[in-house]
Amino acid sequence: APNPLISRQRNRLLAASALERARELGGQHKFSDAQKVLREAMEKITTSVSAEDPFCKALMGDLQRTCELMKETVYHSSTPYFLDSVVQSHRQQRATSACVSKDSPCFSPQAYCTPSQTAMREAATPRPSPPP
């Protein structure tokens, strides 16, 4: 039987490659081609032995969110830089500032955060004020 840990790493690299290719296609305003690349990667991850792994589910979420960004009305000048950060995070298995940000729409790179990065992120999250 295939090893789920190896499958997880293959899915990480597959997602990184798909995100990188989608960024290139988005830069050329080939949004439907970018969405196709992302959907194909999602299909492969969904059918992998590690599909139920929480990290792989987060990869799927990142691919889906990126697919939603690949539209003429949504894509803007900061999207390629954000995608570069996510791709770099997956390729190097390291957290990047864009992915550690509490406002980041990506989730899977948070798996690379150190305990101190996680603590800083949680400390930066506003807490509701107690009632007067």
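In helix H3 of this predicted model, the buried residues are Phe 55, Cys 56, Ala 58, Leu 59, Gly 61, Asp 62, Leu 63, Thr 66 and Cys 67. The cover over these buried residues includes helices H1, H2 and H4. H3 is part of a protein chain that has six helices and zero strands. The points below treat H3, the nonpolar core, selected residues and the salt bridges in turn.

**Helix H3**

- H3 consists of 16 residues. From its first C-alpha to its last it reaches 23 Å, which is close to the 22 Å expected at 1.5 Å a residue.
- At the start of H3, the backbone nitrogen of Phe 55 has a side-chain oxygen of Asp 53 within 2.8 Å.
- Asp 62, one of the buried residues of H3, forms a salt bridge with Arg 65, and the closest N and O atoms of the pair are 3.0 Å apart.
- Both Asp 62 and Arg 65 belong to helix H3, where they stand three residues apart, about one turn of the helix.
- Is Asp 62 buried or exposed? Asp 62 counts as buried because its relative accessibility is 3%, and the cut-off for buried is under 20%.
- Its partner Arg 65 is partly exposed, with a relative accessible area of 25%.

**The largest nonpolar core**

- The largest nonpolar core of the structure contains 22 residues. Those with the most contacts inside this core are Leu 19, Leu 38, Ile 45, Leu 63 and Met 70.
- At least two residues of this core come from each of helix H1 (4–27), helix H2 (31–46), helix H3 (54–69) and helix H4 (79–92).
- Which helix supplies the largest share of this core? That share, six residues, comes from H2.
- Leu 38 is in contact with Ala 18, Leu 19, Ala 22, Leu 63, Thr 66, Cys 67 and Met 70, when its neighbours within four places in sequence are left aside.

**Asn 11 in helix H1**

- Asn 11 is located in helix H1, and with a relative accessible area of 4% this residue is buried.
- Which residues does Asn 11 touch, not counting those up to four places away in sequence? They are Ile 45, Ser 48, Ser 50, Cys 56 and Leu 59.
- Among these, Ile 45 also appears in the list of residues with the most contacts inside the largest nonpolar core, and Cys 56 and Leu 59 are buried residues of H3.
- Asn 11 and Lys 44 are 33 residues apart along the chain, and their C-alpha atoms are separated by 8.1 Å.

**His 29 between H1 and H2**

- His 29 occupies a place in the loop between H1 and H2.
- Although His 29 is not a glycine, it has a positive phi of about 60 degrees.
- With a relative accessibility of 48%, His 29 counts as partly exposed.

**Salt bridges**

- Side chains of opposite charge can pair when their charged atoms come close.
- The structure holds six salt bridges, among them the pair of Asp 62 and Arg 65 described above.
- Another salt bridge joins Asp 53 to Arg 8, with the closest N and O atoms 3.6 Å apart.
- This pair links distant parts of the chain, since Asp 53 is in the loop between H2 and H3 while Arg 8 is in helix H1, 45 residues apart.
- Asp 53 is partly exposed at a relative accessible area of 21%, and Arg 8 also counts as partly exposed, at 25% relative accessibility.
- A further salt bridge brings together the side chains of Arg 21 and Glu 24, at 3.0 Å from N to O.
- Arg 21 and Glu 24 are both in helix H1, three residues apart, about one turn of the helix.
- Arg 21 counts as partly exposed at 37% relative accessibility, and Glu 24 is partly exposed with a relative accessible area of 34%.

**The chain as a whole**

- Along the sequence, the protein chain follows the pattern α-α-α-α-α-α.
- Of the 132 residues in the protein chain, 39% are buried.
- Among contacts in the protein chain with a separation of 6 or more, 56% are accounted for by residues 24 or more positions apart.
- The protein chain exposes about 7800 Å², of which carbon and sulfur atoms supply 56%.

Methods. Residues numbered from 1 in each chain as written. Predicted model: local features only at pLDDT ≥ 70, side-chain atom pairs only at ≥ 80, totals over all residues. Heavy atoms only, no water. Core = buried A, V, L, I, M, F, W, Y, C linked by side-chain atoms within 4.5 Å. Buried < 20%, exposed > 50% of the residue type's maximum accessible area, 1.4 Å probe, protein only. Helix = DSSP H or I, 4+ residues; strand = E, 2+ residues; numbered from the N terminus. Contact = heavy atoms within 4.5 Å. Expected span 1.5 Å × (residues − 1). Polar contact = N/O pair within 3.5 Å; in protein donor to acceptor, adjacent residues only side chain to side chain. Salt bridge = Lys/Arg side-chain N within 4 Å of Asp/Glu carboxyl O. Areas by Shrake-Rupley, 256 points an atom, 1.4 Å probe, with all protein chains shown as cover.
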